[in-house]
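Got the viewer open? Let's take a short walk through this one, selection by selection.

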Amino acid sequence: MNVEQLDIRGHMAQFAPFDNLPDELLDRIAGEVEIRYFQAGTELLVKDQPIDSLWYIRSGAVEMYQRSGRLFNRLSEGDIFGYSDLLRSNRRVRYPVSAIEDTLIYFIPGDVFETVCEEDDDFAEFVETGGQRLKVTVEQQRDDSGLMTTRVRKLINRQPQMVEATTTLQQAAQQMRDANATCVLVIDVTETQSAYTFTGPDGRHWKLNGILTDRDFCTRVLAEGKSPQTPVGDVMSRRLIVTQSDESVYEAMLSMLRNQVHHLPVLYRRQPVGVLHLSDIVRHETHSSLFLVNNVFVQNSPEQLAKLAPEVRTGFARMVADGANSEMVCRALATIGRAFTQRLLELAESELGPAPVPYCFMVLGSMAREEPTINADQDNALVLDDDYDPDLHGEYFEALASFVCDGLDACGYPYCKGDVMATNARWRQPLHVWKRYFTEWMEEPNGERLLHSSIFFDLAPVHGEAPMVESLQDLVAELAPQRPIFLAALARNAKSRTPPLGFFRKFVMEHDGEHRKSINLKRRGTAPLTDLVRVHALACGSKAQNTFTRLDDIAETKLLADGVTERLRYAFEFMSMVRIRHQAEAVEQGIEPDNSVDPENIGSRERHNLKDAFEAISNAQKFLSFRYIMPTRQGSSKTEPDRLGSPQGSASHRVSR
Amino acid sequence: MTWRWKAKEKTQPNWPDYLASRAQRVREPRLASFYARGTLDPATPIGEAPLVAMDFETTGLDGSRHDIVSVGVMPFTLERIRPADGRYWVLSPRRQLSDESVAFHHITHAEVAGAPDFNAIIDDLLPMLAGRLVVVHYRQLERTFLDAAIRERLGDGLLMPMIDTMSLEARIHRQSWWARLRRWAGRPMASIRLHESRQRYHLPAYTGHHALVDSLATAELLQAQILYHYDWQTPVSALWR
C-alpha cells in the first residue's frame with residue numbers, strides 16, 4: 001500500500017463505521033478511494049441525480065436538506081453520506097447535499113461499498129438506516145454486560161485447597177472443614193509435562209489429576225460405604241472440567257451448565273489459582289444492589305442511613321463499570337431508593353408510634369417508573385384512609401412526612417423543588433380527595449393540572465396499605481382512555497420539549513441549524529420520550545408505570561405502527577445509557593453528576609446512535625398530533641386548546657420526573 | 001502592471017510546435033516516442049485535460065550538483081484523483097546522500113542503498129507523463145532535475161509544458177495589485193509553499209516531503225485553485241509554462 005493510501009486509511013480508521021472494520025477490508029477501501037475538492041457553496045448532490053459512490057468527508061462540512069427544505073443533517077470530517085441512496089434500488093439521491101465549507105471528498109466506489117456491506121455485518125448494519133443501527137448497538141451493549149466482560153479471576157478470592165492422591169478421605173475432609181471449602185483439588189508430582197502440569201514452589205512438576213467435592217463425599221464415599229482411611233485418589237472424580245482465569249464469567253457459567261458441574265478449577269498458566277463455584281456467580285450478579293439494600297434495613301437512625309449515601313454512588317458507578325444496562329441500573333437505584341424510604345418510615349413509626357389511621361406512602365415520577373438516575377430528587381405523597389380527621393390525626397402525619405422527607409434529603413435525595421412531597425399539606429390527603437384530584441385533572445385539564453398529571457400519574461406504593469395507591473392507578477387507567485380532551489392536551493404538552501437534530505463537531509445542532517455547547521440528555525431526550533410514552537399508555541388504559549413496560553402494553557394495542565415501539569425502546573435504552581455513563585464518570589471523578597453532556601465527550605459512534613434516537617422521538621412527537629386530536633367543543637372555554645397554554649417551560653424544570 | 005507578464009507570456013515557447021520539432025530531431029527512441037505523443041491543444045479546457053502531478057525529492061536544489069532521491073507521480077483530472085494510479089520510486093543518487101537531506105525526506109541511507117538508478121524507471125515514468133499535462137509545485141526544480149537526469153542518461157534533455165501551482169499562487173498572492181499594496185505597506189508576503197498554499201483553500205495538512213504525498217497534495221491544490229480563481233473552461237495555455 002502506498003504511503004498516501006496509508007494516510008487515507010489512517011484517517012478513516014478513526015471514524016465509524018470504518019473504525020471496526022478488519023484491516024483487510026479497510027485496506028481495500030483505502031486502496032480504491034478517489035478524491036475531489038469542492039468549494040464552499042457548491043451543490044454536491046442534486047435531488048434524483050444518480051449516485052455511484054459513497055461520499056466520505058476528509059475535511060470541510062456539508063448540509064443535507066429534506067424535500068420540504070428543512071435541514072436534515074450537517075456533517076463534517078469523518079462523516080459519510082450517500083449510503084442510504086446507494087442502498088435504494090434506483091440509486092438516486094433523495095436529499096440534496098451542499099458544501100458549507102471548502103470540502104475534500106473521498107469517494108468509495110459503489111461496488112467496493114457493496115462488497116464491504118456483504119462481508120462485514122457491523123458495517124452493513126451501520127449504513128442500513130431506520131433504527132436498525134440503534135437496535136444493534138443496544139443489543140451489543142446488552143451482550144457486553146456483566147457476565148460477558150467480567151473475567152473469572154475477578155470472582156476468585158482465595159487459594160484452592162490441594163491434596164495429594166495418597167491423602168486419606170478423612171484428612172481431606174478435615175482440610176475442607178478448616179478452610180471452609182466445598183472441594184479439594186488432587187495433585188501429584190509428575191515427570192512428564194502436559195496441559196495440566198505446573199511448577200510448584202518446590203520446583204517440581206505437579207499435575208492436577210482430579211477433584212473431590214462435598215457432593216462426592218455423599219455420593220462416592222458414604223453411599224458407597226468407603227472407609228475414612230481410603231486414599232483420595234481412589235474416589236476422586238478424574239473427569240476434570242477447568243477454566244482459565246481470563247475466561248469470561250459467562251463462558252464459565254455455560255461450561256458448568258453444559259457439563260453439569262458446580263465447581264470449576266480455575267487455572268492460570270496451568271497452575272490452579274482457585275475454584276469457581278456456581279454460587280460465586282450468583283453472588284456476583286446480585287451483589288452490588290442487594291447487599292446495599294440489606295444494609296439499609298439494619299440502620300437505626302436517619303443519621304446512620306445518611307452514612308450509606310456514598311455507597312449508593314460507588315455501587316452505581318460499579319454497576320455501570322460492570323456493563324449493566326440502563327434497566328438494571330435504574331431498577332437497582334429504585335430498589336435502593338424505596339429501601340431508604342421504607343426504612344425511614346419504619347423508624348418514624350417507632351419514634352412517633354403506630355399510625356392512627358391506615359395510610360400509604362407513595363412515590364411519584366421517576367422513582368415510581370423505576371427509572372431514577374443517581375441525581376434524582378424526591379417526589380412523594382401520602383394517601384390517608386378516608387377515616388382521616390385532620391384535627392385528630394393531622395399532626396401525626398405532618399410529623400411523619402417531615403421525618404421521612406428530611407431523612408431522604410440527608411440520604412442524598414434532595415427536596416423536590418416543585419414541592420411535590422408529603423410535607424406539602426395538599427399532597428397529604430385522604431383517598432377520596434386524591435380520587436377527586438385525579439378526576440378533576442382529567443375532566444377539566446388546565447396548565448397546572450396537566451403538569452400535575454405528568455408527575456402524579458407515574459405513581460407507586462412504597463409503604464403501608466398498597467391497595468389505596470393501586471385503586472388510584474385503577475382510576476387513572478379506567479378514566480384516561482375516555483377523556484380525549486385530556487389526552488389531546490397532554491399530548492400537546494408532551495411535545496413542548498423537543499430533541500435536537502444531532503451533533504456537528506463540538507456542538508449540539510438544533511433543527512433550525514443553531515449550535516449549542518451542551519445537551520441536557522434528560523430534558524432533550526429521556527424526558528420527552530417518557531412524556532410521549534405516558535400519553536399512549538394512558539390512552540390504552542395501561543396500569544404500568546415503567547417506560548419499558550408501558551411500551552410492552554402499547555405494543556399489544558397496535559396503537560403505534562409496527563416497529564415504532566421497538567425503536568422507542570432502543571432510543572430510550574441508548575439515551576439512558578449515555579446519561580448514566582456520563583453520571584458514573586462524574587461520580588468517579590468526584591464531581592456532582594448532572595444531565596448535561598458536552599458533545600466533545602461523545603464518540604463518533606454514539607453521535608450516530610444519538611441522532612437516530614432523537615429522530616425516533618421527533619417522529620413519535622409528530623405522530624402525537626395525528627393521534628390525539630383536540631375535539632372541537634364550542635362554548636366551553638375551559639377546554640379550548642389555546643387556553644390550555646403551555647405549562648411546561650420553567651415550571652416543568654423545577655419538578656423532577 | 002499586468003502588461004508586464006502579458007508581455008512575458010508572448011515570449012514563452014509555443015509548446016505544441018516545440019514538441020513537434022523535438023519529435024523530428026530526437027534520435028533516442030524513448031524520447032522520440034514521448035515527443036511523438038505531443039502535448040495538449042492549447043485551447044483544451046483545463047476541466048477536460050488529462051493531468052499528472054509530479055514531485056521529486058532531491059539531495060539539494062542544484063540540478064547540476066544534486067540528485068533525485070524519490071519520484072512521485074499521480075495522474076488525475078479536475079474531476080477525480082485516483083491515488084491507486086499513483087506511482088512512487090526511491091532512487092539511488094549518484095552523489096552521496098547528505099545527512100541533512102536524510103533528516104528532511106525521511107529517506108534513509110539503507111532505503112537508498114538497494115534502490116535503482118534513475119535509468120531503471122525511465123521506461124515506466126515517461127509513458128505516465130506522455131499525453132498528459134504535468135502539474136508541479138515549483139517547476140524550476142522538477143523541470144531542471146528531469147532535464148538533467150534524462151540528459152545524463154539518454155544523451156539528450158527533456159522539456160515539456162508544466163502547470164506550476166506555486167507560480168499560480170504567486171500570481172494571485174504576490175503579483176496582484178493587492179499583494180503589491182500589502183508589500184508596499186510593509187506587510188509580510190503570503191507564503192506560497194505547498195503546505196501554506198493548501199491552507200488557504202482549507203485543504204488538510206499532510207505529512208510533507210514525501211514525493212507521492214506531495215504530488216497528491218499538488219493535485220488537490222490545483223483542483224482548489226481552478227475553482228477559486230479560474231474555471232473548468234480556462235484553456236490550458238493560460239496556465240502552463
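Start by colouring chain A by domain: domain 1 covers 3-129, domain 2 covers 152-282 and domain 3 covers 486-654. Keep in mind as you click around that this is a predicted model.

Now show just domain 1 and domain 3 of chain A, whose C-alpha centres sit 30 Å apart. Where they meet, 18 residues of domain 1 are in contact with 15 residues of domain 3. Together the two domains bury about 1400 Å², with 48% of that from carbon and sulfur atoms.

Next, pick A:Asp19 and A:Arg605 and show their side chains: they form a salt bridge, 2.9 Å from N to O. One salt bridge is what the rule finds across this domain interface. Polar contacts link four residue pairs here, both partners at pLDDT 80 or more. Then select strand S5 of chain A (residues 71-76), which supplies six residues, the largest share of the domain 1 side. By class, that side has nine nonpolar, four polar and five charged residues.

Time to bring chain B back. Its contact with chain A involves 25 residues of chain B and 22 of chain A. About 2000 Å² is buried between the two chains, 53% of it on carbon and sulfur atoms. Select B:Arg80, B:Pro83 and B:Leu227: they supply 26% of the area chain B buries against chain A, more than any other three residues.

Stay on B:Arg80 and add A:Glu34; their side chains make a salt bridge at 3.0 Å, N to O. That is one of two salt bridges found between the chains. Last stop: helix H11 of chain B (residues 211-229), which gives the most to chain B's side, with eight residues.

Technical notes: Residues are numbered from 1 along each chain as its sequence is written. Chains are lettered from A and ligands numbered from 1 in the order in which they are written. This is a predicted model: local features need pLDDT of at least 70, side-chain atom pairs count only at pLDDT 80 or more; totals for chains, interfaces and linings use all residues. Side-chain values use heavy atoms; hydrogens and water are left out. Contact means heavy atoms within 4.5 Å. Buried area is the accessible area (1.4 Å probe) that two parts lose on being put together, summed over both. A salt bridge is a side-chain nitrogen of Lys or Arg within 4 Å of a carboxyl oxygen of Asp or Glu. Helices (H or I, at least four residues) and strands (E, at least two) are DSSP runs, numbered from the N terminus. Domain bounds come from an automatic or database domain assignment. A polar contact is a pair of N or O atoms within 3.5 Å; within protein, one must be able to donate a hydrogen and the other to accept it, and residues adjacent in sequence count only if both atoms are side-chain atoms. Ala, Val, Leu, Ile, Met, Phe, Trp, Tyr, Cys and Pro count as nonpolar, Asp, Glu, Lys and Arg as charged, and the others, Gly among them, as polar.
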